[in-house]
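Let's take a stroll through this structure together. Keep the 3D view open and turn it as you read.

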Number of protein chains: 2
Amino acid sequence: MKSRQVTIIDIAKALNISKSTVSRALTNHPNINPETKKAVLELAQEMDYQRNMLSISLVTNKTNTIGIIVPELVNSYFSRVIIGSQEAAYRAGYNVIICQSNENYDQEISNVNIMLSSRVDGVLVSMTKETRNFDHLKRFEKKGIPIVFFNRVCDEMIVPKVIVDDFEGAFKLTEHLIEIGKRRIAHLAGPDNLIISRKRKEGYLAALKKHQIDIDEELIIPYDLNLDKVKIYVNHLINLPNKPDAIFAINDPTAIEVIQILKSKKIRIPTDIAVAGFSNDNYSAFIDPPLTTVAQPVEEIGKVATELLIDQINRDVKDWKAITKMLDTQLVIRNSTQ
Amino acid sequence: MKSRQVTIIDIAKALNISKSTVSRALTNHPNINPETKKAVLELAQEMDYQRNMLSISLVTNKTNTIGIIVPELVNSYFSRVIIGSQEAAYRAGYNVIICQSNENYDQEISNVNIMLSSRVDGVLVSMTKETRNFDHLKRFEKKGIPIVFFNRVCDEMIVPKVIVDDFEGAFKLTEHLIEIGKRRIAHLAGPDNLIISRKRKEGYLAALKKHQIDIDEELIIPYDLNLDKVKIYVNHLINLPNKPDAIFAINDPTAIEVIQILKSKKIRIPTDIAVAGFSNDNYSAFIDPPLTTVAQPVEEIGKVATELLIDQINRDVKDWKAITKMLDTQLVIRNSTQ
DNA sequence: CTGTTAGCGCGTTCAG
DNA sequence: CTGAACGCGCTAACAG
C-alpha cells in the first residue's frame, strides 16, 4: 500500500497561502513575491516535495516522455542506440521509456498499447523481424503522436527515418572479399520484409555483378535471424560440393556464431573461409579472429532519431516533415578476412 | 502540439450513457449488462480508445511502474539484469522505466528525482562507483516507496538486496590461478566503497593466504573502473622488477582490456601472464583467448530483485522485509588461464 | 444494473 | 502580486 506523498496543498496549508501561489513559486512564474517564493522553495525542500508528473502531464496534455520500441536488448546494437537516444532526450528535457518486442509481432502490438496508455509524446521504433502489417504503428500517426523509425524502417509510412547506407556498406564489404581473392561468397541474408535485409543483399549482389562473378543462389541462405539455426546453415554450406570460400552474415552476432562453428570444425579463417558481419558490435574487434564488418554510427543513430522525433513533437501535425537521414557506414577490415 | 485522444466521455456521449457505465464496461466490473458492455467494447475498439494511465494512476495512487537505476548500459551486465527484470515485471503487470547514472553521483540524484516525479511504485538500484552518501536513496524509504538493491548494494540501508557470493567467486578463481601454477597474482581491485570490490578482494586475499602465498601490496591496484586507465596499470605491472604471472581483473570488460594490452605487447596469455575476469559477460567466451571468469546468473538477478520488489510493493510499509538473496557463482575456466 | 458526485494533484484562467 | 474556480480523465462511493 502506497502512502501519499507531499503535495502543493500540504505546502500551501503549512504556509497558510493559496495553492496557486505555491504552484507559481514552484514553476518560475514571473508574478510572485520573491519572499513568498523563497519561503515556498525552502519548505518544499524541507518537506522533500517532489512534483507529481502524473498530474502535470494530465493537465498539460504532455508527458515529456518518448517511447522506444526495439526488437531486443541482448545484443549491443539496440542498447547502444538507446544510449544515444537517452542522451539526446535528457538534454531536451525528455524521459524515455523502453519496450522490447522480443522480435514478436504480438508483443509489438502490446508495446504500442503501453506507449499509448502512457501517453508518450512520441515514439522511436525499430520493427520486429516478423512485422509485415503496420496498422498498429499507424495508430500513433492517427492520434497525432509522431513516430520516427530507425534501422528497421517501414516503407509504407511516410515519417522520419534514420538509416545507414546498407547497400553501400554491403557492397564495399563484398568487394573487399572479392579483392582478397574470394569468389564463392555465401550470404546469410535476413528476412525479406526488413529493408535492411534487402538492401544488404542487393549490395552483395551488385558487387558480385560488378566483378563478373556468377551469382549462385545456393550460396544465398534465407535466414530468420534466429542464432540457433546458424549451425544448420553453416553445416549445409560447408558440405556443398562446391563450398563457399567466404561467408557474409547479415549481422555481427550471426558472424560471430559462424566463426565459432567454423572453428569447432577446424576450418581455418580466413584461409579456408573468410567471415564478415555487419554493424561492428562492441566485441567484434576482440573475438578470435577479429571480425571484419561494416561499422555503423550506432549511438549517433539514436541521437539523430531522437532529435528528429522531438522536432516533430514541437511541430503541429500538419507541419510534420518526413525526412529520411541516411548515415554513413565504414568498412572495418580485421583478421577474419585477411 | 498534441491533439487530445479519445476518452471515456467520448464513448459515453456516443452511446448516450454515463461515463461510470463506460468505465465499468472497460474494467471487468461485475455489475454490468453484457449488452452494454459489448456495445462499449466495440465502440472503444472502433474509436481506438486507449485508457489513460496518467489519470488512472492519479486516482488509484499507483502507477504499476517500477524504476531501475543502473550505472551504465554500455556493457552487457546491466542490460542483462534489465532483461530479467522486465520479464518478471511484465508478468506481474508492471512496466519499467530505466535511468542511467553514468557512474555519476549527481546524475544518480537526478535519477532519483525522475523516479519520484514519475511516482514509480518501487525502485531497483545498483549504485554508481562514487556513491558514498545514501540520503538520496533513503528518500524512497521515507516516502513509502520500496527499494531493492542488486549487485552494487548499500550496507547502510536495511532493505532487500540481491547479490552473488563475490567472496567465494573470487576465492575459487584465485585458487584456480594458483592451481595452474601462478604465484604472483595481481588484482585490479574496484573502488573500496563498493561492497563487491571489497568482497572480491577479500576472496582473492583469502585464497592466497590459504595457499601460503605472501601478499604483495604492489600487485593490488586500486582501480576506479575507468577502462581508459587500465593501460597505465598494466604497463606499471609488467614493468615491475618482479612481474606478475597472472592478472585478476574486477570485471570482464577490464579483463578484456587487459588482454588487448598484453597482446599488443606480445606477452603470451596465459603462459607469461594469465588473465581472469568476473561476471562472464556475453562475449567473454569468444575473445582471443577466451576469458576465464566467474559466471553470475545475471538475468536471474534481475528477476529475483524484481520479484522481491513487487513483493514489497504489495506489503504495508510496516511489513517490509529486508531479505538478502545471495545467488551462486560458477567458475568458468577458459584459455586465458590454461 | 446504472447514474451522480466527489476528488486524485496540478496548471491555468479570471478576478481582485 | 494573490486567491478562487475550473478542469485534465478517470475510479470509487453512494444513490437509486
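## Two chains, two DNA strands

The surface near DNA strand D is made of 9 nonpolar, 13 polar and 3 charged residues. Here Ala, Val, Leu, Ile, Met, Phe, Trp, Tyr, Cys and Pro count as nonpolar, Asp, Glu, Lys and Arg as charged, and the others, Gly among them, as polar. Before going on, note that you are looking at a predicted model, where local features need pLDDT of at least 70, side-chain atom pairs count only at pLDDT 80 or more, and totals for chains, interfaces and linings use all residues. As for names, residues are numbered from 1 along each chain as its sequence is written, while chains are lettered from A and ligands numbered from 1 in the order in which they are written.

Back to the DNA. A residue is called near a strand if its C-beta atom, placed from the backbone, lies within 6 Å of it. By that rule 25 residues surround DNA strand D, and the closest are Asn33(A), Thr7(B), Ile8(B), Ser23(B) and Ser55(B). Which elements supply at least two residues each to this surface? They are α2 and α4 of chain A, plus α1 (8–15), α2 and α4 of chain B. The biggest giver is α4(B), with 5 residues. (Helices are DSSP runs of H or I with at least four residues, strands are runs of E with at least two, and both are numbered from the N terminus.)

Now look at DNA strand C. It is surrounded by 25 residues, with Thr7(A), Ile8(A), Ser55(A), Asn33(B) and Val59(B) the closest. Two or more residues each come from α1 (8–15), α2 (19–26) and α4 (53–60) of chain A, and from α2 (19–26) and α4 (53–60) of chain B. This time α4(A) has the largest share, 5 residues. The mix near DNA strand C is 10 nonpolar, 13 polar and 2 charged.

## How the chains match up

In general, two copies of a chain are related by a rotation about an axis and a shift along it. In this model, a turn of 180° and a shift of 0.0 Å along the axis lay chain B on chain A with an RMSD of 0.1 Å. The two copies are therefore related as by a two-fold rotation axis. In chain B, the C-alpha nearest that axis belongs to Ile287(B), 1.8 Å away from it. The fit is done by least squares on the C-alpha atoms of residues with pLDDT of at least 70 in both copies.

The contact itself uses 44 residues from chain B and 44 residues from chain A. On the chain B side, at least two residues each come from α4, α5 (76–91), β2 (95–100), α6 (105–117) and α11 (252–264). Of these, α4(B) gives the most, with 5 residues. That side of chain B divides into 17 nonpolar, 16 polar and 11 charged residues. Because 100% of the interface residues of chain B are also interface residues in chain A, the copies meet through the same surface. Contact here means C-beta atoms, placed from the backbone, within 7 Å.

## A covered strand

Next, find strand β4 (residues 147–150) of chain B. Are its faces covered or open? Both are covered: Ile147(B) and Phe149(B) on one side, and Val148(B) and Phe150(B) on the other, are all buried. Buried means 20 or more other C-beta atoms within 10 Å of a residue's own, exposed means 12 or fewer, and partly exposed is in between, with C-beta atoms placed from the backbone.

Strands pair if DSSP finds at least two bridges between them. β4(B) runs parallel to β3 (residues 122–125) of chain B, joined by 3 bridges, and Val125(B) has Phe149(B) as its bridge partner. β4(B) also pairs in the parallel sense with β5 (residues 161–164) of chain B over 2 bridges, where Phe150(B) is partnered by Val162(B).

## Some odd backbone spots

Most residues other than glycine have a negative phi, and most peptide bonds are trans. These spots in chain B depart from that:

| Spot | Value | Place |
|---|---|---|
| Ile269(B) to Pro270(B), cis | omega near 5° | Pro270(B): loop between α11 and β9 (274–276) |
| Asp288(B) to Pro289(B), cis | omega about -10° | Pro289(B): loop between β9 and β10 (293–295) |
| Asn28(B), positive phi | about 50° | loop between α2 and α3 (34–47) |
| Asn151(B), positive phi | near 60° | loop between β4 and β5 |

Asn28(B) is exposed, with 8 other C-beta atoms within 10 Å, whereas Asn151(B) is buried, with 27.

Terms used: Contact = placed C-beta atoms within 7 Å.
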